[in-house]
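Please open the structure in your viewer and keep the sequence beside it, so that each stop on this tour can be selected in turn.

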Amino acid sequence: MSAPAPPRLLIACLCAQWCGTCREYRAAFDQLAAALPQHRWRWLDIEDEAELADDIDIETFPTLLIVHEGQVRFAGTVLPRAGDAQRLIESAGEQIGRGVPPPTLPGPADQDEAWAALAARLWAEDAAAAGC
C-alpha cells in the first residue's frame with residue numbers, strides 16, 4: 001500500500017517592489033518553488049495587485065500565505081530565509097495529512113476575513129488557470 005500523495009498547497013508571497021528585502025527574497029522563493037513543484041506558487045506585489053491585497057494590513061515583508069483547498073493554513077511575516085518558509089510549508093502539509101483543521105487566525109476579525117477572502121480567491125484563480 002503506497003502512502004497518500006502530499007497535499008497540494010498554494011504558497012503566495014506578498015511583497016512590494018520597493019522593498020529591498022523582498023527583492024532579495026525573490027530568489028529564495030523561486031528556488032523553493034523549483035524544489036517543491038508539487039505546490040503552486042504566487043508572487044503577489046501588493047501595489048501591482050492592490051485589488052487582491054488591499055484589505056490586508058501588511059506591516060512587515062515578506063509575508064507568506066499558505067493555502068489548502070481555499071483555506072488559510074498560515075498567514076504572516078517570515079524571516080527572509082528559504083529554510084524557514086520550507087519548514088512552514090512542510091508543517092502545513094503534515095498537519096493536513098494528520099487531519100488537523102485550519103488554524104484560527106490570531107488577528108482582528110476584519111483581517112482574518114480579508115486573509116480568508118484572499119485565500120479563497122487565489123485558490124479559485126489557480127484552479128481555473130489549471131483547468132480544474
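Begin by selecting Thr-21, in what is a predicted model, and you will find that Thr-21 belongs to helix H1, which covers residues 20-35. Thr-21 counts as partly exposed because its relative accessibility is 33%, a value that falls between the 20% limit for buried and the 50% limit for exposed. Now show what surrounds it: apart from neighbours within four places in sequence, Thr-21 is in contact with Phe-61, Pro-62 and Pro-80. If you add Leu-44 to the selection, the C-alpha atoms of Thr-21 and Leu-44 are 14 Å apart in space, with their positions 23 residues apart in sequence.

Next, select Asp-45, which is found in strand E2, residues 40-45. Which side chain of opposite charge is nearest to Asp-45? That side chain is Arg-26, 7.6 Å away, and Asp-45 is buried yet has no salt bridge. Display the backbone as well, and you can follow the side chain of Asp-45 to the backbone nitrogen of Gln-17 at 2.9 Å and to the backbone nitrogen of Asp-48 at 3.1 Å. Leaving out residues up to four places away in sequence, Asp-45 touches Cys-15, Ala-16 and Gln-17.

For the last stop, select strands E3, residues 63-68, and E4, residues 71-77, which pair in the antiparallel sense over six bridges. Within this pairing, Thr-63 has Thr-77 in E4 as its bridge partner. Finally, move to the turn of the hairpin that E3 and E4 form, where two residues lie between the strands and Glu-69 has a positive phi of about 50 degrees.

Methods. Residues numbered from 1 in each chain as written. Predicted model: local features only at pLDDT ≥ 70, side-chain atom pairs only at ≥ 80, totals over all residues. Heavy atoms only, no water. Pairing = 2+ DSSP bridges. Helix = DSSP H or I, 4+ residues; strand = E, 2+ residues; numbered from the N terminus. Buried < 20%, exposed > 50% of the residue type's maximum accessible area, 1.4 Å probe, protein only. Contact = heavy atoms within 4.5 Å. Lys, Arg positive; Asp, Glu negative; His and termini not counted. Salt bridge = Lys/Arg side-chain N within 4 Å of Asp/Glu carboxyl O. Polar contact = N/O pair within 3.5 Å; in protein donor to acceptor, adjacent residues only side chain to side chain.
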